[in-house]
Amino acid sequence: MPELPEVETVRAGLSPHMEGARFERVTLGRPDLRFPFAENFAGRLEGATLTRLSRRAKFLMAELSSGETLIMHLGMSGRFTIDEGGAALTPGEFTHPQATNPKHDHVIFDMSRGARVVFNDPRRFGFMELFAKGEAIERLAHLGPEPLSNEFNGPALRAAFKGKKSKVKSALLDQRNVSGLGNIYVCEALYRAGISPTRAAGRLSVAESETLAGHIKVILREAIASGGSTLRDFAGASGELGYFQHSFDVYGREGEPCNNCAAPITRLVQSARSTFYCKTCQG
Ligand SMILES: [Zn+2]
């Protein structure tokens, strides 16, 4: 499932093809994704220029010259392909490369600068929503700070966790405390910070909160940087699908030796999600 760094890489990949370009033709392959498309979805986009493409948590936000805002979410399996009349590129490809099945091409944007941007989503947990000018975007209202912003730091994390008995792993996944973090990077950040995922969130010390917030930022920046470099390499390779070469310290490594102490990595199920950690290094 795409997490914040993958969404940011997708944003960076789409931006040169979409920002400042007009939607010339919008084609929908079906009436809904996770949610139904807004009424007259294609008609509201066609003729509008995408003035700015930004990201909030795991949402792509396209501001339109009409004053409306298009929100796009990749869900579990959504991905964009950019076809400029030659080889199709897939920015931010996360899983192993697979040819996309065109029957899952649900949305096609033909942009005025010549790019055809296709949204393919076999499982349809992704969605696109259009908001009129000035309309409140309820979905974004309760999101906590962006982890890479200055608002997010040790004291902010400690304040968000104050009095919380929930486990630090679950508290980091709670989008009200900090937005955009998913299972993978939470496991990795806790490992680097040396904090057990089973600790109560409200019991982290000032120093631990500082360390954890710092590692969250570093890990996300590293992932974004690696996505960016993969994307550049990939753009040069004709027709081949690219994907991130992520290397994780704990995620998906149950039973394998810890990179620090060689003890086997433990897997634990918390809130129906797998947590990976080192019992020796994370206290
Ligand atoms: Zn260890």
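Reader: Which strands does helix 1 lie across?

Author: Helix 1, residues 4-18, lies across strand 2 and strand 3. Its direction makes an angle of about 175° with that of strand 2. The model is predicted, and the values below are computed from it.

Reader: How far apart are the end C-alpha atoms of helix 1, and what span should its 15 residues have?

Author: A helix can be checked by its rise. At 1.5 Å a residue, the 15 residues of helix 1 should span 21 Å. The end C-alpha atoms are 20 Å apart, which agrees.

Reader: Is helix 1 enclosed or open to the outside?

Author: Burial is judged by counting neighbours, and a residue is buried if 20 or more other C-beta atoms lie within 10 Å of its own. In helix 1, 12 of the 15 residues are buried, so the helix is largely enclosed by the rest of the structure. Among them are Leu-4, Pro-5, Val-7, Leu-14 and Met-18. Charged side chains do not escape the count: Glu-6, Glu-8 and Arg-11 are also on the buried list.

Reader: What follows helix 1?

Author: Gly-20 follows helix 1, and its phi is positive, near 80°.

Reader: In what order do the strands of the open sheet run?

Author: The general idea comes before the case. Strands of a sheet pair through backbone hydrogen bonds, either parallel or antiparallel. Here four strands form an open sheet in the order 2-3-4-9, and the pairing is antiparallel. Strand 2 (50-56) and strand 9 (127-131) are the edge strands, each pairing on one side only. From one strand to the next, the twist averages 20°.

Reader: How many bridges join strand 2 to strand 3?

Author: Six bridges join them, with strand 3 covering residues 59-64 and the two strands running antiparallel. To find one bridge in the model, start at Leu-53, whose partner in strand 3 is Ala-62.

Reader: Which other helix is largely enclosed?

Author: Helix 6, residues 183-193, has 10 of its 11 residues buried, so it is largely enclosed by the rest of the structure. The buried residues include Ile-184, Tyr-185, Cys-187, Leu-190 and Tyr-191. Gly-194 follows helix 6 with a positive phi, near 70°.

Reader: Which residues other than glycine have a positive phi?

Author: Two cases can be given. Ala-262 has a phi near 75°, a positive value in a residue that is not glycine. Ala-262 sits in the loop between helix 7 (206-236) and strand 10 (266-270). With 10 other C-beta atoms within 10 Å, Ala-262 is exposed. Ser-271 is the other case, with a positive phi of about 45°. The loop that holds Ser-271 runs between strand 10 and strand 11 (273-277). Ser-271 is exposed as well, with 12 other C-beta atoms within 10 Å.

Reader: How should I read a loop residue such as Glu-46, and what does it touch?

Author: Place it, count its neighbours, then look for contacts beyond its own stretch of chain. Glu-46 is in the loop between helix 2 (41-45) and strand 2. It has 15 C-beta neighbours inside 10 Å and therefore counts as partly exposed. Leaving out residues up to four places away in sequence, Glu-46 touches Phe-23, Glu-24, Arg-25 and Val-26. Arg-25 is 21 residues from Glu-46 along the chain, yet their C-alpha atoms are separated by 5.8 Å.

Reader: Where does Ser-166 lie?

Author: Ser-166 lies in the loop between helix 4 (154-161) and helix 5 (168-173). With 17 C-beta neighbours inside 10 Å, Ser-166 counts as partly exposed. Beyond four places in sequence, Ser-166 touches Ala-171 and Ala-201. Arg-199 is 33 residues from Ser-166 in sequence, and the C-alpha to C-alpha separation is 8.3 Å.

Reader: How many helices and strands does the protein chain have?

Author: The protein chain has seven helices and 11 strands. Of its 283 residues, 35% are buried. Among contacts with a separation of 6 or more, 67% are between residues 24 or more positions apart.

Reader: Where does pLDDT stay under 50?

Author: Where pLDDT is low, the predicted coordinates should not be read in detail. One such stretch is residues 94-98, where pLDDT stays under 50 and the model has nine contacts beyond four places in sequence. Another is residues 230-245, also under 50, with 29 such contacts in the model. For the protein chain, the mean pLDDT is 88, and 87% of the residues reach 70 or more.

Technical notes
Residues numbered from 1 in each chain as written. Pairing = 2+ DSSP bridges. Axes fitted to C-alpha atoms, helices over the stretch in contact; angles between N-to-C directions. Contact = placed C-beta atoms within 7 Å. Expected span 1.5 Å × (residues − 1). pLDDT = per-residue confidence, 0-100.
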